[in-house]
Amino acid sequence: MTKNAKPPTHEFTITQCVARAHFLHRRFVEEISTEQSSTHARDVLELIIHKFESTEFKSKHSQKHLLGEFMCLANSLTAAHRAIVLRATAAYIVSRFKLEKSCLKLPHFIANLYPIELKRILDSIEVSTVDIDFNEDRWRKNIAIASGRLIPAGAEFFEVDSGIPRSLLFTCLLTERFALARTVLLELRGFRPLIELHAHPDSLSNFNPAGWIRTYRVLAEVLQSNPSLKGVMASSWFRDPQLSEISPHLKYLRDYPLQHGAKIFYTKDDPAGESGALNRSKNRQQLFRAGLYVPRIHLLIWPRTSLLNWHATNDD
């Protein structure tokens, strides 16, 4: 059990979610089959399922490529048939979920998070007014969760086929270049593999100080159980030092990891405001429109040794 973290309680299991996904998939297939004009839709769905079975999204890049293919195929249909085919596809992918397929040893706490996320995805699939678009960030992440590539940890999700871009050593700020090289070479002892964190816009109930502490502990336990992982990385707008003044309620996202051995490096500006920094904040939106705030993306690196030392010695 993760220190100071209780498994979430719910009335459904992974098995029940998978069974519901099977039911929904069959229902959508039957909807298509009852229409005489839907032969092309059935053919498209069969082709999409075949392509998924052939790969099952073995990597982030293969998932992005295949989801793009799925959308191209679905876009050849009428709007009504496209919606049903995409719902049937999403339900099918959830129905194939197996926790045992993970290449990692995962804490029990994570197994308790999956039903919550699978149910959330299935609820969205079932609501006819929800538009499913595999080119959208939220649906790419939903599919990554359902296929087991994106793993829930609490406040955010993580994947493990990630690493520090070597190019960053040449593009980061000159004043940070030595510190970055030292972090990679002496603390991480290599560029990969690292846990990489991702936020999901529809799963933010644990995105708060207590939720993040629990998440750090979950990540530490993942590192403990998987010795090949070198640490944790995350690229985001909300570890920007500007937020200490603009959005002080978010400064814990930068300050707490830094106080316990993490390193944070500037990577780039977000002049178009597309990073999510303008969401959920009228103040940041107003400052951005006035030219007084440009979001800046920073990379968090929390080396394995530092995070495990925090986990072992801190009782927050």
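**A tour from the cavity to the sheet**

The largest cavity has a volume of about 30 Å³. The structure is a predicted model, and it holds one cavity of 30 Å³ or more.

**The cavity lining.** To display the surroundings of this cavity, select Phe-238, Arg-239, Asp-240, Pro-241, Leu-243, Ser-244, Lys-251, Arg-254 and Asp-255, which line it. Colouring by residue class divides this lining into five charged, three nonpolar and one polar. Next, select helix H10 (243–246) and helix H11 (252–259); each of these helices supplies at least two residues of the lining of the largest cavity.

**The sheet.** Turn now to the strands. Six of them form an open sheet, in which the order is S1-S2-S3-S4-S6-S5 and the pairing is mixed. Select strand S1 (151–152) and strand S5 (263–269) to mark the edge strands, each of which pairs on one side only.

**The S5 edge.** Keep S5 in view and add strand S6 (residues 296–303): the two pair in the antiparallel sense over six bridges. In general, strands of a sheet pair through backbone hydrogen bonds, so backbone atoms should be shown here. For a single bridge, pick Lys-268, whose bridge partner in S6 is Ile-297.

**The helix across the strands.** Finally, select helix H8 (residues 174–188) together with strand S3 (194–198), S5 and S6. Helix H8 lies across these three strands. With S5 as the reference, H8 runs at about 130° to that strand.

Conventions
Residues are numbered from 1 along each chain as its sequence is written. This is a predicted model: local features need pLDDT of at least 70, side-chain atom pairs count only at pLDDT 80 or more; totals for chains, interfaces and linings use all residues. Side-chain values use heavy atoms; hydrogens and water are left out. Two strands pair if DSSP finds at least two bridges between them. Helices (H or I, at least four residues) and strands (E, at least two) are DSSP runs, numbered from the N terminus. Contact means heavy atoms within 4.5 Å. Axes are lines fitted to C-alpha atoms, for helices over the stretch in contact, and angles run from 0 to 180 degrees between N-to-C directions. On a 1 Å grid over the protein atoms alone, a cavity is a set of points where a 1.4 Å probe fits but cannot get out, and a pocket is an open set with protein on both sides within 12 Å along at least five of seven lines; lining residues have an atom within 4 Å of a point. Grid points are joined across faces, edges and corners, and a volume is the space filled by probe spheres set on the points. Ala, Val, Leu, Ile, Met, Phe, Trp, Tyr, Cys and Pro count as nonpolar, Asp, Glu, Lys and Arg as charged, and the others, Gly among them, as polar.
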